[in-house]
Amino acid sequence: MKRLILLLPILLLGLLPASAAEPQGDKAAGTVDVHLSEYAIKMPDSVPAGPTTFVVHNDGNKVHSFRIEGPGLSEAILAKPVPPQETENLQVTLQPGEYKVYCPVGSHEVKGMKVTLRVTAKQ
């Protein structure tokens, strides 16, 4: 019994790093911050494939939205436009390839609110 009590802390310490690292890695890989303003989209140029949550922040003074089109995803759009200084989320599953990302509100795309997103295969 005494040996078990002495070994318990060692066993627990050995388990902590593996369990603590996994959720953080999954969350970081699946979340993409997107910042919209007049007339620009700021976000990473590439992300890994898989389930992804786009956290769309409207930093501008006009209503904006977020649409993405690409491989295996004919079209995904926010359920509602994002008012100024508010945030909405869009969840999709991305496959490797190139995606068109743009603001579908009025002529915002033509005014420069568009980017290409490259999705890479999981490593």
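This report describes a four-stranded sheet and the largest nonpolar core of a predicted model.

## Basis of the description

The model is predicted, with local features needing pLDDT of at least 70 and side-chain atom pairs counting only at pLDDT 80 or more, while totals for chains, interfaces and linings use all residues. Residues are numbered from 1 along each chain as its sequence is written, and side-chain values use heavy atoms, with hydrogens and water left out.

## The open sheet

Four strands (DSSP runs of E, at least two residues, numbered from the N terminus) form an open sheet in the order S2-S1-S4-S7, with mixed pairing; two strands count as paired if DSSP finds at least two bridges between them. Strand S2 (40-42) and S7 are the edge strands, each pairing on one side only.

S1 and S4 run parallel and are joined by six bridges; Val-32 stands opposite Phe-54 in S4, and Leu-36 stands opposite Asn-58 in S4. S4 and S7, by contrast, run antiparallel and are joined by eight bridges, and Val-56 has Glu-88 in S7 as its bridge partner. Eight of the nine residues of S4 are buried (under 20% relative accessible area, 1.4 Å probe, protein chains only).

## The nonpolar core

The largest nonpolar core (buried Ala, Val, Leu, Ile, Met, Phe, Trp, Tyr and Cys residues joined through side-chain atoms within 4.5 Å) has 24 residues, of which Val-34, Met-43, Phe-54, Phe-66, Ile-68, Leu-94 and Leu-117 touch the most other members. Strands that each supply at least two residues of this core include S1 (31-37), S4 (50-58) and S7 (87-94).

Leu-94 touches (heavy atoms within 4.5 Å) residues including Phe-54, Ile-68 and Leu-117, not counting residues up to four places away in sequence.

Methods:
Buried means under 20% relative accessible area, exposed over 50%, partly exposed in between (1.4 Å probe, protein chains only).
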